[in-house]
Amino acid sequence: MQPFVYETAVVFESSGQFLGDIRQTVQELKRTHPQLKDYSLADLTVHKNKETVSVTLYFQPKA
């Protein structure tokens, strides 16, 4: 199995909202991409832009 990488942009209003948006994105990805059922979120990177935060999610096969 190969790693899976997903990039998105999130509007930052508060830390709780930001983390909630990331959790929701992971849940949606797992629901819409059945091949991710055997993957787990391994890492993420964030980069602040002017109006949003770019988030890259890195999934890897479960051990």
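What follows walks through the fold, the helix, the core and the aromatic contacts of this predicted model.

Starting with the overall layout, the protein chain carries 1 helix and 3 strands, and going along the sequence these come in the order β-α-β-β. The C-alpha trace spans about 35 × 20 × 15 Å along its principal axes. Of the 63 residues in the chain, 24% are buried. On the outside, the chain exposes about 4600 Å², and 52% of that comes from carbon and sulfur atoms. As for how the chain folds back on itself, take the contacts with a separation of 6 or more: residues 24 or more positions apart account for 51% of them.

Next comes the helix. Helix α1 runs over residues 15-32, which makes 18 residues. From its first C-alpha to its last it reaches 26 Å, close to the 26 Å expected at 1.5 Å a residue. The residues of α1 that end up buried are Q17, F18, I22, T25, V26 and L29. As for what these residues sit against, the buried residues of α1 pack against β1 (4-10), β2 (39-48) and β3 (53-61).

That packing leads on to the core. The largest nonpolar core is made up of 12 residues, namely F4, V10, F18, I22, V26, L29, L36, Y39, V53, V55, L57 and F59. Two or more residues of this core come from each of β1, α1 and β3. L36, one of the core residues, is worth a look for its partners farther along the chain. With neighbours within four places in sequence set aside, L36 is in contact with F4, L29, K30 and F59. Among these partners, F4, L29 and F59 also belong to the largest nonpolar core.

Finally, the aromatic rings. The structure holds 2 aromatic pairs. One of them joins F12 and F18, with the ring centres 5.6 Å apart and 55° between the planes, so the pair counts as tilted, a label for planes that are neither under 30 degrees apart nor over 60. The two partners differ in how much of them is covered. F12 has 44% relative accessibility and therefore counts as partly exposed, falling between the 20% and 50% cut-offs. F18 counts as buried because its relative accessibility is 11%, which is under 20%. F18 thus turns up in several places: among the buried residues of α1, in the largest nonpolar core and in the tilted pair with F12.

Terms used:
Residues are numbered from 1 along each chain as its sequence is written. This is a predicted model: local features need pLDDT of at least 70, side-chain atom pairs count only at pLDDT 80 or more; totals for chains, interfaces and linings use all residues. Side-chain values use heavy atoms; hydrogens and water are left out. Rings of Phe, Tyr and Trp (its six-membered ring) pair if their centres lie within 6.5 Å; planes under 30 degrees apart count as stacked, over 60 as edge-to-face and the rest as tilted. Buried means under 20% relative accessible area, exposed over 50%, partly exposed in between (1.4 Å probe, protein chains only). Helices (H or I, at least four residues) and strands (E, at least two) are DSSP runs, numbered from the N terminus. The expected span of a helix is 1.5 Å times one less than its number of residues. Contact means heavy atoms within 4.5 Å. A nonpolar core is a set of buried Ala, Val, Leu, Ile, Met, Phe, Trp, Tyr and Cys residues joined through side-chain atoms within 4.5 Å. Accessible areas come from the Shrake-Rupley method with a 1.4 Å probe; for residues, only the protein chains shown count as cover.
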